[in-house]
Amino acid sequence: MKISRKNWFHFGLFISFLVQVWVLPLTAREVRILTSPLTDEAGILPLEKQNQITNILSAIETKTSAQVYVYIIPSLEGENLESYSLAVAEKSKLGQKDKDNGVLVLLSTGDRKVRIEVGYGLEETLTDVLCNRIIRNIMIPEFKKGEIPQGLVSGVLAVESILYGNIDSNPALNTNYPDGIGMALTTNSTGNHIGFTLGILIIAWIINLILKENKIYKDKKWLEILYGVFVFSGILYFFPDAVFYLFCIGLVGVNLYLLYGLWFPLSYFYSLLSLAFWIPFLHFTFNIGFPSLFWIFGIISSVFITTKIVLDDVITNKFYQIAKYWGMSSKELLLHIISFFTLGFSIFSFWNGEGLVYIFFYQGLILFTIYGLGFKSFRFKPFQYFIALILWLFFVAGFVFYTPRTGENSGTYNLETMVNWFQWFNCFVSGYILAKSIEVDSWKYRFLKYTLISLVWTLGFSFHYLLGFSNHWSAMTFVFSYGALLIIHFLTVIANESGSGSYSSYSSSSSSSSYSSSSYSSSSSSSSSGGGGGSFGGGGSSGSW
């Protein structure tokens, strides 16, 4: 008998039905009845973490009557996470029957998935939004670091704080983006997504040029707008991280245009506004603190605005005239202006409650650094600078030893840190002044010059020892200092010779955590079983990492 194609089709449907009814149930993962608040089939929890989680779960049931169970499996074995967690919760009859207050935290280590299943009675307390925040903001960040036990403990503690009504105690429960939306959007594939987005934009632009040749599309702005919205919506849906970072790049472009593309007086105001925009933007997108942002962008803005001023011929000419009127060079006036603005450090430090010792030392260090590195622009001689430096040190010492460190305006300071800062200041600034102010023409006098600088460096780096912060001092400091000066001299000679060489020889250069597999017995005598059959309606949240 010849079997028709239609009969073969019906036979295939019948075999498929048999597989669905008999074979798949045999291979599906068994729905286990949980009799203990903590069941670790994967064996990933150390004994300490097992006890910690069990104690938390027992305390929750004692104080609220809610039953929170944690179930860890090595794999779902092809089962759907949501369906399996709901089946386990209902079969284990979690929660009190008349309250439906059961919660199941199911973790599949092999599938890298986690779900919080919530009973009907707790859906208004432990909402889907809060469950999602527990998983996304608290558990998964730990899982990604390989700290699965700690992630579980943190997640259970978050559930506890919600059931106790202490949501505000955990900032991660009050926002979907605890580290800012920028960090939430950033993934390991963000770089690739930016590349794909740029490629899509180029292709979309080419298609737009081709469509403009079509009579239906040509000269119809609404079609172009519709096409643009379609492309942008698609990119925003599939690559939101790329859109975010391309927006940031666009902001940088706007900053640079306002800084160096416009030169009328108001452009300075617009430039400052565009730079200041980054402060709230980065605070809300990357959760960076305002004090840090003010300092960072204060410095960056100063550099950019100063560069704009230097490049502005109108302002530089006016600046030269003002400096000449005051009997100064332009560089001298500029250093005075910079020194004046550094006084903001003292105001800021005083505002933060720092003491006089702290303010007097660090403000003096800043001013002596500025005037030391620019000493050739001023009329004072190096010995006058060093006399002022010594007097300043005596004043600082007087403040340290004779000013009491108690009282609300005394502030705190670390004397050892201050000594370390002064050592490096002495090395760079004092060494620079001596090197620039002592001019020699022969190796005989150069030897004496380098000896003097090395002695100054050695004395500077000995303060740590002389003041008792270290028990070690070595004369090799002098040797290393002298050797460093010889190397600097050699590099300077090489640079000068290559810069003044012939054209033919001229060369241009531009610049899993591992865990003990201790198994947790599900028949612990101190653990309770399900509460009699709370109902579950699929509330909760899932996540994977």
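In the predicted model, Leu107 stands opposite Val114 of strand β4, and this pairing belongs to an antiparallel arrangement in which six bridges join β3 to β4. The two strands form a hairpin with four residues between them, and within the turn Arg112 adopts a positive phi of about 55°. Besides its pairing with β4, strand β3 is also paired with β2, here in the parallel sense and over seven bridges; at Gly102 of β3, the bridge partner is Gln67. The connection between β2 and β3 involves helix α3, residues 81-91, and the three elements together make a right-handed β-α-β unit.

The burial of β3 was examined residue by residue. Seven of its seven residues are buried, so the strand is largely enclosed by the rest of the structure. In a regular strand, the side chains alternate between the two faces of the sheet. In β3 both faces are covered, with Gly102, Leu104, Leu106 and Ser108 buried on one side, and Val103, Val105 and Leu107 buried on the other.

Strand β3, at residues 102-108, is also among the elements that each supply at least two residues of the largest nonpolar core, the others being α2 (47-64), β2 (67-73), β4 (113-119), α4 (128-144) and α5 (148-163). This core has 37 residues, and those with the most contacts inside it are Ile53, Val70, Ile116, Leu126, Ile134 and Leu152. A second core, separate from the largest one, comprises 26 residues, including Tyr385, Leu389, Phe422 and Ile433. In soluble globular proteins, nonpolar side chains tend to be buried together.

For the protein chain as a whole, the secondary structure comes to 19 helices and five strands. Of its 545 residues, 36% count as buried, and the accessible surface amounts to about 33100 Å², with carbon and sulfur atoms accounting for 65% of that area.

A further position considered was Asn317, which lies in helix α13, a segment spanning residues 313-325. The relative accessible area of Asn317 is 42%, a value between the limits of 20% for buried and 50% for exposed residues, so this residue is classed as partly exposed. Between Asn317 and Ser330, which are separated by 13 residues in sequence, the distance in space from C-alpha to C-alpha is 10.0 Å.

Note on methods. Residues numbered from 1 in each chain as written. Predicted model: local features only at pLDDT ≥ 70, side-chain atom pairs only at ≥ 80, totals over all residues. Heavy atoms only, no water. Buried < 20%, exposed > 50% of the residue type's maximum accessible area, 1.4 Å probe, protein only. Areas by Shrake-Rupley, 256 points an atom, 1.4 Å probe, with all protein chains shown as cover. Core = buried A, V, L, I, M, F, W, Y, C linked by side-chain atoms within 4.5 Å. Pairing = 2+ DSSP bridges. Right-handed = clockwise from strand over helix to strand, strands pointing away.
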